[in-house]
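Biologist: I'm new to this one, so could you show it to me and then walk me through it?

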Amino acid sequence: MKILLAGAASEQESRLRQMFPAASFSLLDPDKSWNGADAVIGFTRSVFDRVFLPEKLQKAPSVRWYHAPGAGIEFYVFPDLANAPFILTNGKIIQGPEVAD
């Protein structure tokens, strides 16, 4: 599985490679094509916001999973999202206890 990391640091990429050697991790360049990837994981909104756009998603038909950083996805909802050939997940609940504290 080829997984692109949107907004991750090189240290995070290295750690993921060590933890999951069966997967292929790479840092995503939002200005280049990422067709051929299986998944895109957002680490920062600043980079993921430049990736998760309808016109760019059409150019990456191989991606079957996008993961948005954080809980809110209202910015990423567009009219054809319900019929998209991929799954969109988010980080809901991850920050809840920390924010509450």
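Modeller: Before any surface figure is quoted, one term is needed: accessible areas come from the Shrake-Rupley method with a 1.4 Å probe. What you see is a predicted model, and on that basis the accessible surface of the chain comes to about 6,300 Å², of which 57% belongs to carbon and sulfur atoms.

Biologist: And what share of the residues counts as buried?

Modeller: Of the 101 residues in the chain, 33% count as buried, where buried stands for under 20% relative accessible area.

Biologist: What about the overall dimensions, what box do the C-alpha atoms fill?

Modeller: Taken along the principal axes, the C-alpha atoms of the chain fill a box of roughly 35 × 35 × 20 Å. The radius of gyration of the chain is 14 Å, and this agrees with a compact globule, because one with 101 residues would have a value near 13 Å.

Biologist: Okay, switching topic: how many helices and strands are there?

Modeller: There are 4 helices and 5 strands in the chain, and, read from the N terminus on, the elements run β-α-β-β-α-α-β-β-α.

Biologist: In what order do the strands sit in the sheet, and is the pairing parallel or antiparallel?

Modeller: The 5 strands form an open sheet in the order 2-1-3-4-5, and the pairing is parallel. Strand 2 (24–27) and strand 5 (87–90) are the edge strands, each of them pairing on one side only. On average, and with direction ignored, neighbouring strands of this sheet are turned by 20 degrees against each other.

Biologist: Let's look at strand 1 and strand 2, over how many bridges do they pair?

Modeller: Strand 1, which covers residues 2–6, pairs with strand 2 in the parallel sense over 4 bridges. As for bridge partners in strand 2, Leu4 has Ser26, while Lys2 has Ser24.

Biologist: Which strands does helix 1 touch?

Modeller: Helix 1 (residues 10–19) packs on the sheet and touches strand 1 and strand 2, and its direction makes about 180 degrees with that of strand 2. Together, strand 1, helix 1 and strand 2 make a β-α-β unit that is right-handed.

Biologist: Last thing, what part of the contacts links residues 24 or more positions apart?

Modeller: Among the contacts in the chain with a separation of 6 or more, residues 24 or more positions apart account for 49%.

Notes
Residues are numbered from 1 along each chain as its sequence is written. This is a predicted model: local features need pLDDT of at least 70, side-chain atom pairs count only at pLDDT 80 or more; totals for chains, interfaces and linings use all residues. Side-chain values use heavy atoms; hydrogens and water are left out. Two strands pair if DSSP finds at least two bridges between them. Helices (H or I, at least four residues) and strands (E, at least two) are DSSP runs, numbered from the N terminus. Axes are lines fitted to C-alpha atoms, for helices over the stretch in contact, and angles run from 0 to 180 degrees between N-to-C directions. Contact means heavy atoms within 4.5 Å. A crossover is right-handed if, with the strands pointing away from the viewer, the path from the first strand over the helix to the second runs clockwise. The radius of gyration is taken over C-alpha atoms; the globule rule is 2.2 Å times the number of residues to the power 0.38. Buried means under 20% relative accessible area, exposed over 50%, partly exposed in between (1.4 Å probe, protein chains only).
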